[in-house]
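Please describe part of this structure for someone who has not seen it before. A short report in plain text with one table will do.

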Amino acid sequence: MAHKAGFVNIIGNPNVGKSTLMNAFVGERLSIITSKAQTTRHRILGIVNGEDFQAILSDTPGIIKPAYDLQQSMMDFVKSAFEDADILIYMVEIGEQELKDEAFFRKITNATIPVLLLLNKIDISNQGVLEEQVAHWSEKVPNAEIYPISALQGFNVAQVFNRVVELLPESPAFYPKDTLTDKPERFFVNEIIREKILMHYKKEIPYSVEIDTEEFFEDEEIIRMRSIIMVERETQKGIIIGHKGTALKRVGVEARKDLEKFFGKQVHLELYVKVNKNWRNDSKQLKRFGYNKK
């Protein structure tokens, strides 16, 4: 039997369940998940290997109108997902009516590659609404195959993945067959810490934060990490640390527990907070953090 391989890129508005879906496909928690918009900042690859196929899944930031350079870089990741896709997964949720960017929407409706439109979160809907939504999206995206799913509950996820494998083009594998992702270990350290900040801080704080893991030393029994939480203003630094350091300690404890699950061994994590003014609009800083590829 011929070997299949290809890029399967997941796009959609913020908070429609793209990261939950990719984690379900991969069987590992590669993308962080919170209820806040813009949780995913990067384009993250998750690679699923079978004997005769390799599906390279790509989670992308939710589509927004960029307000600063970081968000523009996030939208550049989405644009790149259109350019190299062999299969496009367009994800919407029950009640949604349109993509927030008309130019991206036209790219979907004019796509010459297979498009799977996944109508997510059907577990919080009813049959009448579902039928209305299927009719709505069938009209708006006539070139798509529509699948009602619940990424969180796993409903129809296996059927969609089987369809993805059917649609993959014939090709040798792009990555070694034991590869799970294209991201280095430090990337996942940064993302897990950032997830805890998204969970516990409000307003602008989570969006002003970037994580830089400066040290990552692994031996047989323990991994020692030193990570810097960067903020844009001194006032934000005080909020992150909290009274007598209690807020920062909570972030550290929760992140360490998840890191130990992720790496499967004991973790020692040191966290520090630094002010890095206006990093979200600084092209050199964005490049350093892996955003601005230009």
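The report below goes through a sheet, the helices on it, and a few single residues.

This is a predicted model, in which local features need pLDDT of at least 70 and side-chain atom pairs count only at pLDDT 80 or more, while totals for chains, interfaces and linings use all residues. Residues are numbered from 1 along each chain as its sequence is written, and side-chain values use heavy atoms, with hydrogens and water left out.

**The sheet**

Helices (H or I, at least four residues) and strands (E, at least two) are DSSP runs, numbered from the N terminus. Two strands pair if DSSP finds at least two bridges between them. Three strands, in the order 7-8-9, make an open sheet with mixed pairing. Strand 7 (210–218) and strand 9 (266–275) are its edge strands, and each pairs on one side only. On average, neighbouring strands of this sheet are turned by 15 degrees against each other, direction ignored. Strand 8 (residues 222–231) pairs with strand 7 in the antiparallel sense, over eight bridges. In this region Glu-218 stands opposite Ile-223 in strand 8.

Two helices pack on the sheet, as the table shows. Contact means heavy atoms within 4.5 Å. Axes are lines fitted to C-alpha atoms, for helices over the stretch in contact, and angles run from 0 to 180 degrees between N-to-C directions.

| Helix | Strands touched | Angle of directions |
|---|---|---|
| Helix 6 (residues 185–200) | strand 7, strand 8 and strand 9 | about 130 degrees with strand 7 |
| Helix 8 (residues 246–263) | strand 7, strand 8 and strand 9 | about 140 degrees with strand 9 |

**Helix 8**

Helix 8 has 18 residues and spans 26 Å from its first C-alpha to its last, close to the expected 26 Å (1.5 Å times one less than its number of residues). Buried means under 20% relative accessible area, exposed over 50%, and partly exposed in between, with a 1.4 Å probe and protein chains only. The buried residues of helix 8 are Ala-247, Leu-248, Val-251, Gly-252, Ala-255, Asp-258, Leu-259 and Phe-263. They lie on the same side of helix 8 because they cover an arc of only 145 degrees around the axis, taken from the directions from the helix axis to the C-beta atoms. Among the elements covering these buried residues are helix 6 and helix 7 (234–241). The face turned away from the buried side carries the exposed residues Thr-246, Lys-249 and Lys-261. Just after helix 8, Gly-264 takes a positive phi of about 70 degrees.

**Aromatic rings**

Rings of Phe, Tyr and Trp (its six-membered ring) pair if their centres lie within 6.5 Å; planes under 30 degrees apart count as stacked, over 60 as edge-to-face and the rest as tilted. The structure holds nine aromatic pairs. Phe-262 and Phe-263 form an edge-to-face pair, because their ring centres are 5.1 Å apart and their planes are at 80 degrees. Phe-262 is partly exposed at 30% relative accessibility, whereas Phe-263 is buried at 17%. Both belong to one aromatic cluster with Phe-187, Phe-188 and Phe-216.

**Two buried residues**

Ile-197 lies in helix 6 and is buried, at 1% relative accessibility. Not counting residues up to four places away in sequence, Ile-197 touches Pro-206, Val-209, Ile-211, Ile-229, Ile-240 and Val-251. The C-alpha atoms of Ile-197 and Ile-229 are separated by 9.6 Å, with their positions 32 residues apart along the chain.

Ser-171 is found in the loop between helix 5 (157–167) and helix 6. Ser-171 counts as buried, at 16% relative accessibility. With residues up to four places away in sequence left out, Ser-171 touches His-3, Lys-4 and Ala-5.
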